[in-house]
Amino acid sequence: MLKLSNFCLTNSAFITAQRHVALSAVRCIDQGWRAGKGLPENPNAFGPLTNLPDYTYLDGRPTPLGSNQNKRLLKQQEIAAKIVELSGELDFAKERHERLQKQAQAEKQRIIQNKLKPKGHLLLKKK
């Protein structure tokens, strides 16, 4: 009985020593080559296989959108709306900055014009 338990302990120690756990994901696609060609990291993210319908009707009817295709379109619409909103904010900020600069320049010019003027003989010397 004792010999059997020692055998089990040595066997289990041997088995645990053979286990290897990989904690990092393996990237099988050459990312450097894809980046050099201007392609996306994921080849399935964009292209005819993802953007075009899976099938077409022979009589020419439009095919319904797939679920992922519909999600992609909604996401692109949200991104486009955000771009329009942010570009409007940029235009507003540029116009406001320009308007504030003009106001500051006008205030500076007004202060210069309202400064004390020379009087008496100094006024006559200038002419």
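**View 1. Glu107 is partly exposed, at 36% relative accessibility, and shares a salt bridge with Arg110.** "Partly exposed" sits between buried (under 20% relative accessible area) and exposed (over 50%), worked out with a 1.4 Å probe and protein chains only. The model you're looking at is predicted, so local features need pLDDT of at least 70, side-chain atom pairs count only at pLDDT 80 or more, and totals for chains, interfaces and linings use all residues. Residues are numbered from 1 along each chain as its sequence is written, and side-chain values use heavy atoms, with hydrogens and water left out. How far apart are the closest N and O atoms of Glu107 and Arg110? They are 2.5 Å apart. A salt bridge here is a side-chain nitrogen of Lys or Arg within 4 Å of a carboxyl oxygen of Asp or Glu. Glu107 and Arg110 are 3 residues apart in helix 4, so about one helical turn separates them. Arg110 is also in the in-between class, counting as partly exposed at 42% relative accessibility.

**View 2. Lys102 and Glu98 make another salt bridge in helix 4.** Look for the closest N and O atoms of this pair, which are 3.5 Å apart. Why are Lys102 and Glu98 separated by about one helical turn? Because they are 4 residues apart in helix 4. On the surface side of things, Lys102 counts as exposed, with 57% relative accessibility. Its partner Glu98 is partly exposed, with a relative accessible area of 44%. And what lets such partners get together at all? Side chains of opposite charge can pair when their charged atoms come close.

**View 3. Arg61 and Asp59 meet through their side chains in a salt bridge.** The N to O distance for Arg61 and Asp59 is 3.2 Å. Is Asp59 buried or exposed? Asp59 counts as exposed, with 57% relative accessibility. Arg61 counts as partly exposed, at 47%. If you're keeping score, the structure holds 3 salt bridges.

**View 4. Thr63 is tucked into the loop that runs between helix 3 (48–51) and helix 4 (67–113).** Helices (H or I, at least four residues) and strands (E, at least two) are DSSP runs, numbered from the N terminus. Is Thr63 buried or exposed? Thr63 has a relative accessible area of 18%, so it counts as buried. Which residues does Thr63 touch, leaving out those up to four places away in sequence? They are Pro53, Tyr55, Thr56 and Tyr57. Touching means contact, with heavy atoms within 4.5 Å.

**View 5. Tyr55 sits in the loop between helix 3 and helix 4.** Here you see the Thr63 contact from the Tyr55 end: not counting residues up to four places away in sequence, Tyr55 touches Thr63 and Pro64. Tyr55 is partly exposed, with a relative accessible area of 43%, whereas Thr63 is buried.

**View 6. Residues 83–114 are covered by a UniProt annotation, "coiled-coil region".** That label comes from an unreviewed UniProt entry. UniProt positions are given in the numbering used here, feature names are shortened, and annotations may be inferred rather than shown by experiment. What does the model show for this span? Residues 83–114 are 97% helix and 0% strand. Go from one end of the span to the other, and the end C-alpha atoms lie 46 Å apart.

**View 7. Stepping back, the protein has 5 helices and 0 strands.** Starting at the N terminus, its elements run α-α-α-α-α. How many of the 127 residues count as buried? Just 4% do. The protein exposes about 12400 Å², and carbon and sulfur atoms supply 62% of that area. Accessible areas come from the Shrake-Rupley method with a 1.4 Å probe; for residues, only the protein chains shown count as cover.
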